[in-house]
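Me: I'd like to practise reading sheets and the helices that pack on them. Could you take me through an example?

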Amino acid sequence: MVEAWEAAAARLLATGEKQTIEFATPTLIGVRHFEMAIAPEWSATGEEIESILCISRDISDRVVAQQVQQQLLTEAQAAQRDAKAAQDLLTRVFDRINDGIIAFDCDACCVYLNPVAERILQRSAADLIGHNVWAKFPEAVNTSIYEAYHRAVEQQQPEALEYYFPPLNTWFEMRLYPNADGVTVYFTDISDRKVAAASHQQAKQLRHELSLLETTLDSILAGYWDIDCVANTAYMSPGLKAMFGYADHELPNQTNIWQTLIYPEDLPVALESLERHIQSHGQVPYYTEVRYRHKNGSIVWIICAGQVIDWDAAGQPRRIVGCHVDITRLKHTEAQLRKNEAHLQAAQRIGNLGSWEFELATEHVVWSDQLYRIFGLAVGEQLTSCEALQGYFHPDDQARHRQTIETAIATHQPFDEEFRILRADGSPGHIHIKGEAVLDELGQLTHLTGTVQDISDRKCVEAERRAHEEQVQNLSLRLSLALKSGRIGSWERVLSTDEVIWDQCLVDLYGFARLGHQATYQDWRAQVYADDIGWVEAANQTLIDGDTPYDVEFRVWRGDGSLGWIRSSALVHRDASDQPVSVIGINYDITDQKQAAAELQNLSARLSLALESGGFGSWEWDVVTNVISWDQRLIELYGFREGRPTTYQDWYNRVYSDDRQAVEAALQATLATDAPYDSEFRICRSDGELRWIKANALVYRTPEGQPLSMVGINYDITEKKQAELQILRTTAQLEASNRELEAFAYSVSHDLRAPLRAIDGFSRALLEDYGDQFDEEGQNYFDRIRHNVGRMGQLIDDLLRLSRVSRQAMTYQTVNLSALVQEQIDELRAADPDRTVAVTLTPGIVVSADPTLMQVAIANLVQNAWKFTSHRPSARLEFGVVVQAGEPVYYLRDNGAGFDMAYASKLFGVFQRLHNTHEFPGTGIGLATVQRALHRQGGRVWAEAAVDRGAAFYFTLPPAPGTARPL
């Protein structure tokens, strides 16, 4: 004990804080246990400790009770090892002590309850204040607490009882204190003490000790004072000084300092109460309510309670201790309640409650004014008879009402019933009727009298409450379904045992079923990714220590072995002493969201890169506030140097004046009709340069369709516009050149053919008229003249065809190349039926191209292959398609004469021939026509060959816009 005291005294001297120790010591009646409070007594300056005050109290009975309780608990644990739930309940009973205070007015309506009462009763202050307690707790009607309450009100004497409330499965120690304004009830949750009392009678003394200990602790926390009457010294706790707005060092510890703070009018009251306590030698409690003046000048209402703990031989006090409790807020509440009570009393006078009297002898009915109003009748309206009143009751209730009255007349017993009525205006209502028989001195029934209360509003409230309860049940079901559908799991970790309760969702998520037992905290810890467990546990501990919000995301190994992301949120459940009991939270799998967020971030980065690389600038216009947000690229594009533009007008001023009307019309059309915003306009930069802008935008609207904002992009199309202008100029020049070529072709077709026809005609005439005069050599000359004239005509035809290929307008359609090749083969076979040519053709090769140009190209290629295989006894042609570098390449292969690849560069030139005309006739224009036809469509053509080993011609065509490449 000495060592413990010295250690506590050392801590007190070091910290200046009060210490408490417990110790056991032998006495004349055996070993006794004591609790000692060690407090410092400061100097007048409050800067140093002058002495140490020690107060001891015998706690042997409490220790014995605790030992008995521990023994009983040990025995219960040994007898019920498999009943884990009972053990947990017993632990909670011994660990939790709950106290509450609730005050009622004269009508048993709640006017105040403290937070502990809210928690114990499982009702909020908003749910109880202003409501009748028996309406809120109908289960307590006609029970011992109900009788004690009414007895206390009637006799104006305090009541105390122990009461069991089945709905909460809780025992209470109830103390009822009535006064003129109502009743104040102090109640303590004594369920734990009831359990202990059922095991041992000594628990009663333990409850008393615990109650005193709680009261003392509460008093110390409120504000503690200690006066040594012999030494004429005083101690006031820092909490008591803070109650009046003073720091510990600002208010000296002097015996009369409190008299300087108390209101002068209240000082005699306090002194008188203290004197009564002293004169009664402590029998009359020292308890009073007085006013003190706060440092800032405001009023502080105080409950001052104290007790003389040491008397001298003459019966005079040696030491007095006590506490001050700040009840300022309660006083303000009481003042407001008194005001409300006055209003309530006025309302009761005109309240919806009426009285009635029925005289049996005359069947005369007397109603109060309010009863007329309840039934919707004019006050004082003549009531013919009791039977006539039946018409105002609901048809389904009339028989029951008649039976109730007849029974009361026959039995003289009181009645209490509810009925439905139909008021004079036809509106429905509900009434609560109470009645009783009035007998004369002979015991004969003379009257029935009673009250009628309009409970229509209450019935509506009850209906609404039932509907609300159904909604709550539905909401609970929907919440459960939402948690299940959202794959959200819940858990609870009991801190005292480290037990964790998981729902099925989390068991499935973590794969705990494989463990074969209830998963523990350590099992869960093993599932958390190693790099995350440290800071996750730190966040959890921060929540437990200081209620710091716990909402974290971390990685876990899921039940299927994959690494996933979890989001976890939790709250701490604390007991009455604010100690953490358990942590309750939810987990849900956010792996998909994390992956989506990563993809979105990646997409956003790529989009930003695309906008930057493409020279796009973005903007957002708040239509409501007329504020525009620009990115840096757009500011540079518009050439703003004087500052960042912020409004619509800033942008509008940069639009070229000739384009503003069209731009404004396009914007308004988009806002009004949701038409696409796709506009081109000119802007004038700050340096005077005129630039072309392309703008696209989307409109965001309210659910009602009103525009909120526009989001869009701008990009510079000045170079494109300049290129378009150049194209227009080039197109005009090409059109002029084409007209000149057409004129030239017409001239060639007519001016060159005329002399050829003359040469051919005169040559034929000479042979016909003078052929017999020419020798064989002369006739050969004429044949050669006519042959070259025909060749010259063919050459002119080929040149005209080449010209038409270069000039004709193109129309893209779906063209079947396989069909064109087959048609050309059929024509050649019909013209030369004696030839044998093996043809291999891939069917269904379809392209998007100009059909006329493709027909010209295919015809020349096939005719070329047919010609150069004419010297082969077994000629072969093959048409197909292959894919090279992701592009379809079409080919026509033969086994004809071939050519030397050294001359391949001349192959597609006009008038270029690689073979003798006597061996293979031709003009040298056919392949040039093929190249021209393919180049006009954006394609390419080339050839591969070897002398006397055949040739292969390859060509490509670009795919049509918006279509996939054909295979």
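Me: Which strands does helix α29 lie across, and at about what angle does it run to β34?

Reply: Happy to help, and keep in mind that this is a predicted model. Helix α29, residues 926-936, lies across β34 and β35. Its direction is at about 140° to β34.

Me: What is the strand order in the sheet that holds β34 and β35?

Reply: First the general idea: strands of a sheet pair through backbone hydrogen bonds, in either a parallel or an antiparallel sense. Here the order is β30-β32-β33-β35-β34, an open sheet of five strands with mixed pairing. The edges are β30 (837-841) and β34 (940-945); each has a single partner strand, so one side of each lacks a neighbour in the sheet. From one strand to the next, the twist averages 20°.

Me: How many bridges join β33 and β35, and in which sense do they pair?

Reply: Four bridges, in the antiparallel sense, link β33 (887-894) with β35 (951-956). Arg893, for instance, has Ala952 of β35 as its bridge partner. Helix α28 (851-868) lies across β30, β32, β33 and β35, at about 170° to β35.

Me: Where are the edges of the open sheet ordered β15-β14-β18-β17-β16?

Reply: That five-stranded sheet has antiparallel pairing. Its edges are β15 (364-367) and β16 (415-422), each with a single partner strand, so one side of each has no neighbour in the sheet. The twist there averages 25° between one strand and the next. β16 pairs with β17 (428-439) over eight bridges, and Asp416 has Lys434 in β17 as its bridge partner. Helix α16 (395-411) lies across β16, β17 and β18, at about 150° to β16.

Conventions
Residues are numbered from 1 along each chain as its sequence is written. This is a predicted model: local features need pLDDT of at least 70, side-chain atom pairs count only at pLDDT 80 or more; totals for chains, interfaces and linings use all residues. Side-chain values use heavy atoms; hydrogens and water are left out. Two strands pair if DSSP finds at least two bridges between them. Helices (H or I, at least four residues) and strands (E, at least two) are DSSP runs, numbered from the N terminus. Axes are lines fitted to C-alpha atoms, for helices over the stretch in contact, and angles run from 0 to 180 degrees between N-to-C directions. Contact means heavy atoms within 4.5 Å.
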